[in-house]
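Please keep the model open while reading this note. The points are numbered so that each can be checked on its own.

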Amino acid sequence: MSPTVTGPDPSLVYRPEIVEKQYKDKEDYRNFENGGLFDRVFHTYKIMHSIQTLDFVKLKHSEWSHCSHSQMGVMDAVMSLDQLVDESDPDVDFPNSFHAFQTAEGIRREHPDNGWFQLVGLIHDIGKIMALWGEPQWAVVGDTFPVGCRFQNSIVFRENSFQDNPNTSDPVYSTECGIYTNNCGLEKVNMSWGHDEYLYRVMKYNECSIPEEGLYMIRFHSFYPWHSNGDYMHLCNEKDLRMLPWVQEFNKFDLYTKTADLPDVEALKPYYQSLIDKYCPGILKW
C-alpha cells in the first residue's frame, strides 16, 4: 500500500496560496529552501519522487482516464475545492476557490476579449478534486515532470528525493531520451500523475471546446522544469514550442495573482458560468 500524506495541498506555500502580506514580491514565490511548511513540502515531494515511476503513471491512466468517478458541472467542481482548505493552518485563511477566481480575473483584466483564456484561469486546478476521492496528495499536487527518461536537475528537490525511485537506475529510463526520441513531442511523453494531466483528460473525454492553447495551459501549467527552467526541450516538437509562450503567459497569472484582496465570488459566478456554458456545458463525467 502506498504511503499517504494528509493535510492541505502542500504546494500551497510554494505556488503559493499563502499570503503573508497583501502583495508579495515576485522573489518571495516558490521558495524551496526554507519556510514554515518546508518539512511537510519536502516530505510530500520525497514520496512523490520515490513512487511516481512510468508503471505508476500508466496505472493512474487506467484508473482515471475513463472518467467514471462522478458526474457534475464545472462550477460545482470549482467550488468543491473549498473542502481542501485546512482551517488549522494559520497561513491559509481563504478557500481555494478564491484562487481560481483571482487567476481568472487577472487574465480578464489583461485579456478582456479572450473568454476561453479566462475560463482556463478559473478551472486550471480543479483536477485536484481527485484528492476528495481518495487520491493521496503526492499524486495530485506539486510540480510535474516526465517519467520514462532521465529526471532533469531543475526538478524540485532533484538531488535528494529520487534515491528510492527505481527508474533512476533503469538502464533505459535513466538515459536522456529514455523511451522517447528527440523532438517526439510532449503529447507522446508520459508526465508524472497529477491534477494537470487528469483535468486535461477530463476535458478531452467530455469533448470540451477549449482550444489547443488552453489545453496546453491545463496540461502543463505545473511543468515548471519546462516552462520556467528550459529543460526537456530535446523532447519538444514545433507545436510544443509554439504553445510554450501561452503556457508562460498563463503562469504569471497563476503565480502572481494570489493576494489578500479577495474577489466577490458570488458576483462573478454568472459571468464565468456563461463561459462554462460556452466551452464546457452541462454535466461532465469525471
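1. Cys280 is buried, with a relative accessible area of 0%. In this predicted model, Cys208 is buried too, at a relative accessible area of 13%. Are the two joined by a disulfide or apart? The sulfur of Cys208 has its closest cysteine sulfur in Cys280, 3.7 Å away, and this is too far for a bond. The cut-off needed here is 2.5 Å between the two sulfur atoms. Seen from the other side, Cys280 is in no disulfide, and its nearest cysteine sulfur is that of Cys208. A search of the whole structure finds zero disulfides. As a reminder, a disulfide is a covalent bond between the sulfur atoms of two cysteines.

2. Tyr279 belongs to helix H11, residues 265-279. With a relative accessibility of 11%, Tyr279 counts as buried. Which residues does Tyr279 touch, leaving aside those up to four places away in sequence? They are Gly115, Trp116, Leu119, Cys208, Ser209 and Ile210. Tyr279 also makes a useful reference for Glu207: the two are 72 residues apart in sequence, and their C-alpha atoms are 9.3 Å apart in space.

3. Glu207 is found in the loop between helix H7 (195-205) and H8. Its relative accessibility is 70%, so Glu207 counts as exposed. Glu207 should be checked for its backbone: the phi is positive, about 55°, although the residue is not a glycine. Most residues other than glycine have a negative phi.

4. Tyr232 raises the point of a positive phi again, with a value of about 65°, and Tyr232 is not a glycine. Is Tyr232 buried or exposed? Tyr232 is buried, with a relative accessible area of 1%. Its place is in the loop between helix H9 (224-227) and helix H10 (238-256).

5. Gln152 is one of the residues to look at together with Tyr232, since contact between them is listed: Gln152 touches Arg158, Glu176, Asp231, Tyr232 and His234, not counting residues up to four places away in sequence. Gln152 lies in the loop between H5 and helix H6 (158-161). Gln152 is buried, at a relative accessible area of 11%.

6. Helix H8 covers residues 212-220 and is mostly covered, with seven of its nine residues buried. Which residues of H8 are buried? They are Gly214, Leu215, Tyr216, Met217, Ile218, Arg219 and Phe220. Note that Arg219 is in this list. When looking along a helix, recall that an α-helix has 3.6 residues a turn, so residues three or four places apart point the same way.

7. Thr103 lies in helix H4 and is buried, with a relative accessible area of 0%. Thr103 and Asp254 are 151 residues apart in sequence, yet the distance from C-alpha to C-alpha is 5.5 Å.

8. How many cavities of 30 Å³ or more does the structure hold? It holds four. The second largest cavity has about 50 Å³ of space. Its lining consists of Val78, Leu81, Asn96, Ser97, His99, Ala100, Leu122, Ile123, His124, Asp125 and Ile126. Helix H4 (96-110) and helix H5 (115-123) each supply at least two residues of this lining. H4 gives the most, with four residues. By type, the lining of the second largest cavity divides into six nonpolar residues, four polar and one charged.

9. Last, the chain as a whole. There are eleven helices and two strands. Along the sequence the pattern reads α-α-β-α-α-α-α-α-α-α-α-α-β. Of the 286 residues in the chain, 57% are buried. The chain exposes about 12,100 Å², and carbon and sulfur atoms supply 47% of this area. Among contacts between residues at least 6 apart in sequence, 79% join residues at least 24 apart.

Terms used: Residues numbered from 1 in each chain as written. Predicted model: local features only at pLDDT ≥ 70, side-chain atom pairs only at ≥ 80, totals over all residues. Heavy atoms only, no water. Buried < 20%, exposed > 50% of the residue type's maximum accessible area, 1.4 Å probe, protein only. 1 Å grid on protein atoms, 1.4 Å probe; cavity = no way out; pocket = protein on both sides within 12 Å on 5 of 7 lines; lining within 4 Å. Points joined across faces, edges and corners; volume = space filled by probe spheres on them. Nonpolar A, V, L, I, M, F, W, Y, C, P; charged D, E, K, R; others polar. Contact = heavy atoms within 4.5 Å. Areas by Shrake-Rupley, 256 points an atom, 1.4 Å probe, with all protein chains shown as cover.
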